[in-house]
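Welcome, and thanks for taking a look at this one. Please have your viewer ready for a short tour.

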Amino acid sequence: MRRGTNVHALGGFNQIVILDTIRRNREGLSRVEIAEQTGLSAQTVSNVSRRLLDDGIIREAGQRILGVGKPRIILQLDPSGGYAIGVHLDPAVITYVVLDLDGRVVAHTATRTPSGVTPERVIAGMRDSIDAIIADAGVDRSRVLGVGIAAPGPLDLEQGVVLDPPLLEGWHGVALRDALAESTGLTVLLEKDVTAATVAELWMSSGHERDDFMFFYYGTGVGVGLAIAHEAVRGATNNAGDAGHIIVDPDGPVCGCGRRGCLGDSIMPRALVASAIASGLITAPAGRLGGTEVDAGLAQIAALAEGGDTDASAVLEAMANRISVAVVTVANLLDVDTAVFGGPYWNRVSNLVLRRVSELVDSSPALVTTHPIAVTVSSIGDDVAAVGAACLVLDDALSPRPSALLISS
C-alpha cells in the first residue's frame, strides 16, 4: 500500500494516494480507514475527500457501523467521474473503447485499418472515430482523462513516434502521439501493443492473480508481453516483447531474417492462411489477402479441424507445438508461472489450440522451472490491447508514483 505524506506542498500526490486506496477497496472505506491505510492525518483525508466529492470522482455510499460511536460514511469511487479512451492500431483493424473509472467498457467500435493511404489520413480517421465514440457513449468530454494508443513496435515512447513497424506499410517515423493529441485536444499516451495487453491483465486482475506472467499476443503479428512482480516489463527502449524470431522449428519455413522456423513467420495468421491456400486446404479469396480475408481463412481452418479434417488438424497441431516451444523458452528464462493468450485472432483457434499447448508445455523435457505453467486465455477478449491502452490512462491518473515527489531543477 502506497503511503501518503502530510507535507503541505504535496497535496496532489496525496489526492492520488487517497483515490488509489478507495479504488482498490470496491466496497468503500470510511475516512478513518483511509487515514489508517495511507498514514495521512484525518484532516488531510477530510480535505482531499471533500475535493474529490466536489469533483464527482468519488461518492458517498451509505453508512457503516464499525464498533462504538456513530456510523461512518463510506466513500467509493464514482465510475462516471472520469473516462479513458483506448485505441489499438493493428495492421488489420483499429479498435476503440471507452472505459469508466472502474475499468468497465462502456463503448466499443472497430474499423478496418485503411490500406494504401498515408498515416496522416489514418490519424484523421482516428480523430473522427474518437469524437464519435465519445458522443455515442454519452460521455461528457470534459471528463475524458485522455487517450491511450497501443501500436505495433518498434516505438520511441519518449518522442511518441512509431518508428518502422514491419506490418504497417508507410509508417516510418510517424509522430502519432503528438499528432493525435493536437487533433483531438486530449492528452495522449503511446504504448507498444503487447505491453498494453499486459497492462490490461494487470489492471483487471486482483490480488496476486497476475504477478509473474507472459501475455502471448496473437494478432496480425505475434508478440509476448511480460510482467514481473506485478509490473509490466518494458526494457531499455520500451520495446520488450518482440518474440517473433525465437526459433521454434528448425525444419520450419524460411523467415524473412534468413533463418528457419522463427515463431512469427511460422504461426502468424497470414502465413497459416497463405499456406492453407497453397496446399489446397481452403480456397483463395478474390483480391488481396487483407485482414478480413485472413480472419475468414483462419476461421475456415478452425472449422475444418473441428469437423475432423486431418490436414486442418495438422496445421493447428504444428501451431500448438511451435507455441509451446516459445512458452517453455520464455518460462525458463524469466521463471514466470502463467501464460495468458489473447489478441484479435486468438479466439479463432483458442478452443482447438489452448489445451494442446498446455499439454505440450507440461510434458516438455526442456521445461526446467520448479513449478507448473498455467496456460489460460485472457478474459478481456479481442479488445485486450485497446482496453490496456485505456488502462494506461487510468493508471496515469489514478496510481501514485514516487516520481511525483521529485522537484525538477
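What follows is a walk through some local features of this model, from a helix to a pocket and on to single residues. Please keep in mind that the model is predicted.

**Helix H10 and its two ends**

A good place to begin is helix H10, which covers residues 310–334. Does its length fit the number of residues, and what span should one expect for H10? At 1.5 Å a residue, its 25 residues should span 36 Å, and the end C-alpha atoms are indeed 36 Å apart, so the two values agree.

The N-terminal end of H10 is capped by Asp309. A side-chain oxygen of Asp309 lies 3.0 Å from the backbone nitrogen of Asp311. Further along, H10 has a set of buried residues, among them Ala312, Leu316, Met319, Ala320 and Ile323. Arg322 and Ser324 are also on the list of buried residues of H10, and so are Val327, Val328, Val330 and Ala331.

After H10 comes Asp335, placed in the loop between H10 and strand S14 (338–342). Asp335 is not a glycine, yet its phi is positive, at about 60 degrees. With a relative accessible area of 45%, Asp335 is partly exposed.

**Backbone details in other loops**

Asn238 also has a positive phi, of about 65 degrees, although it is not a glycine. You can find Asn238 in the loop between strand S13 (231–232) and H7. Its relative accessibility is 24%, so Asn238 counts as partly exposed.

Which form does the peptide bond from Gly153 to Pro154 take? That bond is cis, with omega near 5 degrees. Pro154 sits in the loop between strand S7 (144–151) and strand S8 (155–156).

**Aromatic rings and a charge over a ring**

How many aromatic pairs does a search of the whole structure find? The search finds three. Ring pairs join Phe216, Tyr218, Phe341 and Trp346 into a cluster. One member of that cluster, Phe341, belongs to strand S14 and is buried, with a relative accessible area of 0%. The C-alpha atom of Phe341 is 7.8 Å from that of Val375, and the two residues are 34 residues apart along the chain.

Trp203 has a charged partner: Arg23 lies over the face of its ring, at 4.1 Å from the ring centre.

**The second largest pocket and helix H6**

The second largest pocket has a volume of about 520 Å³. It is lined by 25 residues, and those closest to its centre are Pro166, Leu167, Gly221, Val222 and Asp242. Three elements give two or more residues to this lining: helix H6 (193–204), strand S12 (222–228) and helix H7 (263–267).

Helix H6 is also the place of Glu201. Is Glu201 buried or exposed? At 5% relative accessibility, Glu201 counts as buried, because the cut-off for buried is under 20%. The side chain of Glu201 makes a polar contact of 3.2 Å with the side chain of Arg210.

**Residue pairs across the chain**

The table gathers some pairs of residues, with their separation along the chain and the distance between their C-alpha atoms.

| Pair | Separation in sequence | C-alpha distance |
|---|---|---|
| Ala84 and Cys391 | 307 residues | 7.4 Å |
| Leu101 and Arg355 | 254 residues | 35 Å |
| Pro71 and Ile228 | 157 residues | 41 Å |

Some context for these pairs may help. Ala84 is part of strand S4 (residues 83–89) and is buried, with a relative accessible area of 0%. Leu101 lies in the loop between strand S5 (93–100) and strand S6 (105–112), and is buried as well, at a relative accessible area of 2%. Pro71 is another loop residue, found between strand S2 (58–64) and strand S3 (72–77). At 34% relative accessibility, Pro71 counts as partly exposed.

Definitions and conventions: Residues numbered from 1 in each chain as written. Predicted model: local features only at pLDDT ≥ 70, side-chain atom pairs only at ≥ 80, totals over all residues. Heavy atoms only, no water. Phe/Tyr/Trp six-rings, centres within 6.5 Å; stacked < 30°, edge-to-face > 60°. Lys NZ or Arg CZ within 6 Å of the ring centre and 35° of its normal. Helix = DSSP H or I, 4+ residues; strand = E, 2+ residues; numbered from the N terminus. Expected span 1.5 Å × (residues − 1). Buried < 20%, exposed > 50% of the residue type's maximum accessible area, 1.4 Å probe, protein only. Polar contact = N/O pair within 3.5 Å; in protein donor to acceptor, adjacent residues only side chain to side chain. 1 Å grid on protein atoms, 1.4 Å probe; cavity = no way out; pocket = protein on both sides within 12 Å on 5 of 7 lines; lining within 4 Å. Points joined across faces, edges and corners; volume = space filled by probe spheres on them.
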